[in-house]
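Me: I would like to go through this structure step by step. Could you show it to me before we begin?

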Amino acid sequence: MAYSIGEFARLSGISATTLRAWQRRYGLLKPGRTEGGHRLYSEADVQQALQILDWVKKGVPIGQVKTLLERPAPRRTDNWQTLQQSLLARLKEGKIDSLRQMIYDAGREYPRAELVANVLRPLRSQVSANIPAAMTLRAILDGILMAYTSFCMEGDKKAPGDNILLSGWYLNDACEVWLEALTRTGQGHRIDILPTPLTALAPDIFPDRKWLLVTSGKLTAARQKQLTEWQKTLSLDVIIL
């Protein structure tokens, strides 16, 4: 079947203006034309548009999507589990350099938000037992993740976007701050981290920064009140895990 741009917009949930911009500016989508010059989209175009939209929702800049679409498509559903188990095997075998390289390579191949959600957080859960061996493995893994996040943040220092300060707030797992930072790298943000989660914060001393606070569990009334006060004068959001 062939669809007009209006029909295509309704099917895909993407506005006609956006569809035209994707084609003209970024070379994405190549609809046919009627004799009168109007765009005609195929079923294959619908699927590609949804794929483009999926990348964008995952934080990939639209200018980078064409390169991703042109790659041979990996078997993503199976690949997450395979990658996770490969990383776990290297961790348990003490192959730290190989583990580090695999994580760095995966960060180039996949959107980092996907990598964190589908591989790195589940991997940490697999070595979360409260016994010395598991705790040691997790500490090694966390050290690599923090170093990788620092590497990615350093690469963003000249990015044209906003300045973010990211901190834990009533958070027991300090590495979650680093993982949240990692999901935002490569997206035009300049990120700095307060590496140790704090209960007493003074975000007002950096009023020109955008603050992201990572916390766990439901906000208590006292914390919600404090948050409301901060948000009166600051750009500040909370990520609840």
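Me: Let us start with the surface. How much area does the chain expose, and what share do carbon and sulfur atoms supply?

Reply: This is a predicted model. Its chain exposes about 13,200 Å², and 53% of that area comes from carbon and sulfur atoms.

Me: And what share of the residues counts as buried?

Reply: The chain has 241 residues, of which 39% count as buried.

Me: How many helices and strands are there?

Reply: The chain contains ten helices and seven strands. Its C-alpha atoms fill a box of roughly 70 × 50 × 35 Å, taken along the principal axes.

Me: What about contacts between parts that lie apart in sequence, how many of them join residues at least 24 apart?

Reply: Taking contacts in the chain between residues at least 6 apart in sequence, 68% join residues at least 24 apart.

Me: How many charged side chains are there, positive and negative?

Reply: There are 32 positive and 24 negative side chains. The centres of these two sets lie 2 Å apart.

Me: Now a single helix. How many residues of α9 are buried?

Reply: Ten of the ten residues of α9 are buried, so the helix is mostly covered. Among them are Cys175, Trp178, Leu182 and Arg184.

Me: What covers them?

Reply: The cover includes the helices α7 (112-126) and α8 (132-155). It also includes the strands β4, β5, β6 (210-215) and β7 (235-240).

Me: What follows α9?

Reply: Gly186 follows α9, and its phi is positive, near 75°. Thr185 lies in the loop between α9 and β5.

Me: Is Thr185 buried or exposed?

Reply: Thr185 counts as buried because its relative accessibility is 5%, and the cut-off for buried is under 20%.

Me: Which residues does Thr185 touch?

Reply: Leaving out residues up to four places away in sequence, Thr185 touches Arg112, Cys152, Met153, Asp156 and Ile191. With Arg112 there is also a polar contact of 2.9 Å, which joins the side chains of the two residues. Thr185 and Thr149 are 36 residues apart in sequence, while their C-alpha atoms are 8.0 Å apart in space.

Me: His189 is in that loop too, I think. Where exactly is it found, and what does its side chain contact?

Reply: His189 is found in the loop between α9 and β5 (190-198). Its side chain makes a polar contact of 2.5 Å with the side chain of Asp162. His189 also touches Asp156, Ala159, Ile164 and Arg184, with residues up to four places away in sequence not counted.

Me: Why does His189 count as buried?

Reply: His189 has a relative accessible area of 18%. Buried means under 20%, so His189 is counted as buried.

Me: Changing topic: how many disulfides does the structure hold?

Reply: The structure holds zero disulfides. Cys175 is in no disulfide, and the nearest cysteine sulfur, that of Cys152, is 13 Å away.

Me: Why is there no bond between Cys152 and Cys175?

Reply: The 13 Å between their sulfur atoms is too far for a bond, because a disulfide needs the two sulfur atoms within 2.5 Å. Cys152 is buried, with a relative accessible area of 4%, and Cys175 is buried with 1%.

Me: What about backbone angles? Which sign does phi have in Leu29?

Reply: Most residues other than glycine have a negative phi. Leu29, which is not a glycine, has a positive phi of about 70°. Its place is in the loop between α2 (16-26) and β2 (32-33), and at 4% relative accessibility Leu29 counts as buried.

Me: And what is the phi of Tyr170?

Reply: Phi of Tyr170 is near 55°, again a positive value in a residue other than glycine. Tyr170 lies in the loop between β4 (163-169) and α9 (175-184). At 33% relative accessibility, Tyr170 counts as partly exposed.

Me: Last one: where does Leu91 lie, and which residues does it touch?

Reply: Leu91 lies in helix α5 (residues 76-92) and is buried, with a relative accessible area of 4%. Not counting residues up to four places away in sequence, Leu91 touches Leu99, Val127, Leu137, Ile140 and Leu141. Leu91 and Gln51 are 40 residues apart in sequence and 33 Å apart in space, from C-alpha to C-alpha.

Notes
Residues numbered from 1 in each chain as written. Predicted model: local features only at pLDDT ≥ 70, side-chain atom pairs only at ≥ 80, totals over all residues. Heavy atoms only, no water. Helix = DSSP H or I, 4+ residues; strand = E, 2+ residues; numbered from the N terminus. Buried < 20%, exposed > 50% of the residue type's maximum accessible area, 1.4 Å probe, protein only. Contact = heavy atoms within 4.5 Å. Polar contact = N/O pair within 3.5 Å; in protein donor to acceptor, adjacent residues only side chain to side chain. Areas by Shrake-Rupley, 256 points an atom, 1.4 Å probe, with all protein chains shown as cover. Lys, Arg positive; Asp, Glu negative; His and termini not counted. Charge placed at Lys NZ, Arg CZ, Asp CG, Glu CD.
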